[in-house]
Amino acid sequence: MTNIEFRAILEAAISGDREALDTLLSLYMPLINRLSSYAGRLDEDCRQYILLHIVQHISEFHI
């Protein structure tokens, strides 16, 4: 994915495009999963909190 393609997806997600948000979340899911793990185990509550926080606040992101 090029920088231009990523920016287009990010701008669409910020403006409320659900498909773009899904694409963005799938791109970052490995990072989210890694940050949601403790002692080698995935903490589902932590992952859910991160995803919810992203979805609720993506419209506030400025580029």
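The following exercises with worked solutions concern a predicted model.

**Exercise 1.** Determine whether Leu 24 is buried or exposed, and identify which residues it touches beyond its neighbours in sequence.

*Solution.* Begin with the position of the residue: Leu 24 lies in helix H2, which spans residues 18-35. Next, take its relative accessible area, which is 7%; because buried means under 20%, Leu 24 counts as buried. Then list the contacts, leaving aside residues up to four places away in sequence: Leu 24 touches Phe 6, Ile 9, Leu 10, Ala 13 and Ile 58. Finally, consider one of these partners, Phe 6, which is 18 residues from Leu 24 in sequence, while the two C-alpha atoms are 8.5 Å apart in space.

**Exercise 2.** Work out how many salt bridges the structure holds, and describe the pairing of Arg 7 with Glu 11.

*Solution.* The count comes to 3 salt bridges. Side chains of opposite charge can pair when their charged atoms come close. For Arg 7 and Glu 11, the N to O distance is 3.0 Å, and the cut-off for a salt bridge is 4 Å. Both residues belong to helix H1 (residues 3-14), where a spacing of 4 residues separates them by about one helical turn. As for accessibility, Arg 7 is partly exposed at 44%, and Glu 11 is likewise partly exposed, at 36%.

**Exercise 3.** Examine the salt bridges Asp 22 forms with Arg 18 and Glu 44 forms with Arg 47, giving for each the distance and the helix concerned.

*Solution.* Take Asp 22 and Arg 18 to start with: their closest N and O atoms are 4.0 Å apart, and both residues lie in helix H2, 4 residues apart, or about one turn of the helix. Asp 22 has a relative accessible area of 41% and is partly exposed, whereas Arg 18, at 53%, counts as exposed, because the exposed class is set at over 50%. Turning to Glu 44 and Arg 47, the closest N and O atoms are 2.7 Å apart, and the two residues sit 3 residues apart in helix H3 (residues 44-57), again about one turn. Glu 44 is partly exposed, with 45% relative accessibility.

**Exercise 4.** State which residues make the nonpolar surface patch, and place Tyr 28 within the structure.

*Solution.* The patch, of about 490 Å², is made by Met 1, Leu 27, Tyr 28, Leu 31 and Leu 35. Of these residues, Tyr 28 is located in helix H2. The relative accessibility of Tyr 28 is 39%, so this residue counts as partly exposed, and that value meets the patch requirement of over 30%.

Technical notes. Residues are numbered from 1 along each chain as its sequence is written. This is a predicted model: local features need pLDDT of at least 70, side-chain atom pairs count only at pLDDT 80 or more; totals for chains, interfaces and linings use all residues. Side-chain values use heavy atoms; hydrogens and water are left out. Patches are made of residues with over 30% relative accessible area and no salt bridge: like charges are joined within 9 Å, nonpolar side chains (Val, Leu, Ile, Met, Phe, Trp, Tyr) within 5 Å. Accessible areas come from the Shrake-Rupley method with a 1.4 Å probe; for residues, only the protein chains shown count as cover. A salt bridge is a side-chain nitrogen of Lys or Arg within 4 Å of a carboxyl oxygen of Asp or Glu. Buried means under 20% relative accessible area, exposed over 50%, partly exposed in between (1.4 Å probe, protein chains only). Contact means heavy atoms within 4.5 Å.
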